[in-house]
Amino acid sequence: MPPHFPRDSDSDQNVRMPFHGHKSIHKLLGGGQVADILLWKNRNLSAGVLAGATLIWFLFDVVEYNIIPLLCQIAILAMLVIFIWSNAAPLLDRAPPRIPEIIISEHAFREMALTVHYKLTYTVSVLYDIACGKDLKRFLLVVGSLLVLSAIGSSCSLTSLLYIGFLCAHTLPVLYQRYKTEVDHLVAKGSDDIKKFYKKVDSNLLNKIPRGPVKTKVK
């Protein structure tokens, strides 16, 4: 018999599920093709993306392949394919290859630049507000997360760190969708325990730390 995880109605405390307000993980991830890939809607495509990322990680981290020779060899291979295709096209009565317009689309590059600019501005603004000390809990959480990330980054390469992040993004959403009830219950209980621990630390230690007034930003 599978273990029983109590919901809000039958639990001793009113624990709020962390993702209870969202209708589906697919909409939370954007609802597009990226969400389909992360949730393995098309297993062949998702497996191909995972295999490609694994190959890149293997080349750069295990084999220690240099990116410049790899890009040069890919460019040489592409030029050879285009050269053979262009010269063989009249003989085979086929059209010569053309560069897809989406690769050099000005609109796509502009949208990408605007998205990166917005995300960067928002991240810097949030970090500034946290660094000002308005929310001591978030400040300590961010500092602790950066310390953990620094420790992990010092023990492994950037390629391995990016690959681990990709594996988490590629597997955790579909696992959460399959075991949603169990994960919601464990996360809610863990969050409740962390809040109780923080209240104890806040009342016994953090409230005794003297802090000056926080200056507000002038817009």
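This briefing covers the largest pocket, helix α7 and two annotated spans. The model is predicted. Its largest pocket has a volume of about 230 Å³. Helix α7 bends by about 30° at Leu172. The UniProt record, an unreviewed entry, places a "transmembrane region" at residues 66-85 and 139-166.

**Largest pocket**

- Lys137, Leu140, Leu141, Ile194, Phe197, Tyr198 and Val201 line the largest pocket.
- Two helices, α6 (136-155) and α8 (180-204), each give at least two residues to this lining.
- Helix α8 provides the largest share of the lining, 4 residues.
- By class, the lining holds 6 nonpolar residues and 1 charged residue, with no polar ones.

**Helix α7**

- Helix α7 runs over residues 158-178, 21 residues in total.
- At 1.5 Å a residue, α7 should span 30 Å, and its end C-alpha atoms are 30 Å apart, so the expected span and the model agree.
- The bend of about 30° sits at Leu172, and a proline, Pro173, follows within four residues.
- Pro173 is also one of the buried residues of α7.
- The other buried residues of this helix are Ser160, Tyr163, His170, Val174 and Tyr176.

**Spans annotated in UniProt**

- Residues 66-85 carry the "transmembrane region" feature in the UniProt record. This span is 95% helix and 0% strand. Its end C-alpha atoms lie 29 Å apart.
- Residues 139-166 carry the feature too. Here the chain is 93% helix and 0% strand. The end C-alpha atoms of this span are 27 Å apart.

Methods: Residues are numbered from 1 along each chain as its sequence is written. This is a predicted model: local features need pLDDT of at least 70, side-chain atom pairs count only at pLDDT 80 or more; totals for chains, interfaces and linings use all residues. Side-chain values use heavy atoms; hydrogens and water are left out. On a 1 Å grid over the protein atoms alone, a cavity is a set of points where a 1.4 Å probe fits but cannot get out, and a pocket is an open set with protein on both sides within 12 Å along at least five of seven lines; lining residues have an atom within 4 Å of a point. Grid points are joined across faces, edges and corners, and a volume is the space filled by probe spheres set on the points. Ala, Val, Leu, Ile, Met, Phe, Trp, Tyr, Cys and Pro count as nonpolar, Asp, Glu, Lys and Arg as charged, and the others, Gly among them, as polar. The expected span of a helix is 1.5 Å times one less than its number of residues. The bend at a residue is the angle between axes fitted to the seven residues ending there and the seven starting there. Buried means under 20% relative accessible area, exposed over 50%, partly exposed in between (1.4 Å probe, protein chains only). UniProt positions are given in the numbering used here, feature names are shortened, and annotations may be inferred rather than shown by experiment.
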